[in-house]
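Trainee: I should like to learn how to read a protein model. Please guide me through one.

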Amino acid sequence: MPESILLPLTITLPALGFALLGLFGKQLKEPLPGVIASGLVLGSFLLGVLMLLQGGARWQVENWLPGIPFSLLLDNLSGLMVMIVAGVGFLIHVYAIGYMHKDAGYSRFFAYFNLFIAMMLTLVLADSYPVMFIGWEGVGLASYLLIGFWYHDRVNADSARKAFIVNRIGDLGFLLGMAVLWAVFGSLSVSGLKQQIEASQALSSLLPLAGLLLFLGAIGKSAQVPLMVWLPDAMAGPTPVSALIHAATMVTAGVYLLARSGFIYVNTPDVSLLIALVGLATAVYGALSAFGQWDIKRIVAYSTVSQLGYMFLAAGVGAYGVAIFHVLTHAFFKALLFLSSGSVIHALGGEQDIRRMGGMKKHLPQTHIHGLVGALALGGLPLLSGFWSKDAILTASFEYGFPLYLGALAVALLTALYSMRWYVSVFLGQYRGQAHPHESPPVMLWPNHLLALGALLIGFVGLPQPFPNLIQPFLAKATGLEAPHQPNMGLEWTLIVVSAVVAAAGLYLGWQIFQRTTFPRWFIRFQHASLRSFYADELYNSLLVNPLKSMASLLFGADGGLLAGYQGVARMVGSLGASLARLETGYLRLYVAGLLLAAALMILLGVFR
Amino acid sequence: MIHLALFLPLVAGVVLMLAPGLGRALALVASGATFVLSLALLVRYPGEGLAYNFQTPLLEPAGVYYAVGLDGASLFLWLAVSLVVLLAVWLCRVPGRFLALALMMETGLLGIFAATDLVLFYVFFEATLIPSLVMLGLFGGKERMKALYTFALFTLAGSLPMLASVLAVRYLGGSPSFLLSDLLAHPLEGSAVGLVFLGFALAFTVKTPLFPLHAWLPSFHAENHSSGLADAMGTLYKVGVFAFFRWAMPLLPQGFAELQGLLLLLAAFTALYGAWVAFAAKDWKRLLAYGGVSHMGLAALGLFSGTQEGMVGALFLLAASMVYTSGLFLFAGMVGERTGGLELNRVGGLAKSAPALSVLGLFLVMAMVGLPGLSGFPGEFLALLGAYKASPWLTLLGFSAVIAAAAYALTAYQSVFHQHETRAARDLEAREQVFAASMVASMLLLGLYPRLFTELLEPAAKQLVLLLGGGS
């Protein structure tokens, strides 16, 4: 693979945008900051395409840290991620030019946005774990800044801080995982470790531990159970942020980490099973929590949690390529769902409660189409992108174990139901609010047109046999991991039909049910618990956060006491010091005598110990 | 050149003490020249070993020399110290005598790193205390005498056993002098080793500081002048990690081996404890004091791992944190100057009226949190890699501090800069902008291209690993 200076340049472009807009953004008139920022991301995208066409690239600086190079690699896997990050990222940048119109922090917003892209590209292009960690925490920082973008509101600032701290728990896992790998293999280069592990006869017994710790990092970043609590709150940021960071790109970093480290996980079946179980649990939890939300963005946020669970399930059962395929389709339809939510919010002057929406089909015809395509793709309507990738996950989990498949199928049904709840409440029926809805400007509509096109069509790169599947062999070239063996075609198509029927039934049912205005008692009760996301925050607060806080106050007090405790000792030493001070007379012989005395004391103590 | 750099601040300090009217200009020239000289010494450094060696007998019969020299580790620290002093002098508008004391202290600090004779080291180590105490006594807050008393006693309590150890290490080992090279050539063996090491350890632990000997630090910072100048100098005085590295560990490898377990435990506990306690702090000074304690715990964890990467990390973290922790104290001083106090709940929403100040704060806070790409990370990370090899469980314990660090640092930052704006504050003026730009540049340089400095530290660390008995 050729060395290419274009590779660091890909990262440098948006980083430059961050620096420029951060320093001089205030002097620039709207929409210049947005245009500059978008242009730079487009530049990164084009560079990525160029290098991918050249068959990849690498670049490195030796001994960035002792024995650890600063190395970047663009292969098919990271190349595809660059396409997603910079491609979808570009569209969302353009959308934000319209969405952030007249915001006091316009240029600050685009500075942060470019910082995010630079860090995300660092994350995916890294060929050494510490470099990946730069991106990993860098996107965390960007996420922190953007969630708390409107920081004067306490709630936003709190959400931002919460996201950062919860992620840090996972990051400690990432750090320790690197320490284990370093202690065992003496290297932290991803491709170096890959070669080492693939070539070794007997694998270290610590490999599962390393895998587990890295997985902990992935749990944090991708909001998996039990560290999922930060993602719904992250919706406090402007909607383009939710679309870019908390749906299309950053939160999928955990999946990417697992796929990139597939060479570890294929050797650790127990950890992989755990990954699959955590993924399934998250998928169920997210789906159930989506039903009770009234905030248009929080519904989509919980659906993201759930879909990320799907991706982890795929990675857990060893279908890394399938997991990345779902990252790809999800990036399109989820960004679309968020941006059309954004258009609705925009049209209603900031309204986010779906109880005061409805009827947008009439008021916002184009946005309605976007929302519909997004919801159907999410719900898994046959032939749309979400259908193909979800089906691939179902097939892979069927191969792995029937219970997992059953669970995943149940989630598919739930997904179809709640995506219709979202669609119906927002777009159908009569408008229930007082604002004067107006369709978005072209700068916001066009990105959505393109995203909708993607949500419709992108699934065709991953068709089941006998059709040509483009994406799996493409990714396998990078990971070196073949997809788990294919089921026979009859079985595969049976599964496809089952999933198609389930999705279609779910969509139809959801469409019917959620147009009603009265619901049975049990559903209301369920919805109540779902709204509070089954009390996860309360649980954390009472079991962890509050005890830790009280302990901090306690220790703080005790630390003052520690000093008081020394007072007694101090007085003693003090008098000793004072008498010693009297010895400082300037007479050399006294000093020498003192020295000798001390030395004698040491010797005596040494001898009679 | 080394002597010039070493004593220029002292001379300037004395002159300034006598003629405080010369004030900032003289202090700037002196500290600027020292920084440039340090930089020049660094550029001309051959890459490994002790360079710029010089020795001349001070007390011939007692085997005491004026002997100085610099290796990669001490050069890096020289650069950190001289940069911080320069920036602090540039930033702080304080009386000339205050600056004079800071300059005198600079010579003491540079001497600590440069001394290659144990008695000379001891003299620098102790003498630096004097300007620090005077600063606290002259310019401190209401409770300053109490803080001063505490600080002095802790230091003394550590120094006395250390003095005994200084003597023991030479006479029991049979070395002809107190020169580092002689002492290394006549290693001390036998049963007294542990005890002699303990004597050093007490003094160095006070100055690292490690739990439970950190107790002097919070009140020291809380009572010092609100400009943060004295706190910055105090931060530079936390030389324990270096002292272990240069003296206690190489001279007494066996003694270190005996106490390694205990020291690792203390270090790990300190790291978590400091960060945890910091969360409950109500003002900037105590927050930073405890946060700094936590960082030194992490550095010590790396150092006591006895591994090469751990020690490189420890020294890197020491030097880097000298810069950003001092920066944070000075930054807190800037906030205090604008809002009239250092309590964290005093104001909110400053980011709106003072965006540049808030950006500086964010950079500093993130460096402290150990965000990769800034100067806090490389040291912390290498310390982690080393510490894990020595003790996985203590590493887990100690490095849980990275979670706590995010909690205390961001909570404090948020309460002052985010949330509802309670009052407006003026943003950075030109003088402060220069300070901010230099700070940010130093953090980015160390964070993005750590190789520049890790390569300086590696040979020194490698040597100590050999002395400690092998390449674990």
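Mentor: We shall discuss chain shape, the contact between chains and the nonpolar core. This is a predicted model, in which local features need pLDDT of at least 70 and side-chain atom pairs count only at pLDDT 80 or more, while totals for chains, interfaces and linings use all residues. Residues are numbered from 1 along each chain as its sequence is written, with chains lettered from A and ligands numbered from 1 in the order in which they are written.

Trainee: How many helices and strands does chain A have?

Mentor: Helices (H or I, at least four residues) and strands (E, at least two) are DSSP runs, numbered from the N terminus. Chain A has 25 helices and 2 strands.

Trainee: How many residues does each chain bring to the contact?

Mentor: Two residues are in contact if their C-beta atoms, placed from the backbone, lie within 7 Å. Chain A gives 47 residues and chain B gives 58 residues. On the side of chain A that touches chain B, the largest share, 13 residues, comes from H6(A).

Trainee: Which residues have the most contacts inside the largest nonpolar core?

Mentor: Such a core is a set of buried Ala, Val, Leu, Ile, Met, Phe, Trp, Tyr and Cys residues joined through C-beta atoms within 7 Å; buried means that 20 or more other C-beta atoms lie within 10 Å of a residue's own, with C-beta atoms placed from the backbone. Here they are A:Ala335 and B:Ala248, in a core of 423 residues. Helix H15 (residues 308–339) of chain B gives the most to this core, 19 residues. Leaving aside neighbours within four places in sequence, the contacts of B:Ala248 include B:Phe197 and B:Phe256.

Notes:
Buried ≥ 20, exposed ≤ 12 C-beta atoms within 10 Å, placed from the backbone.
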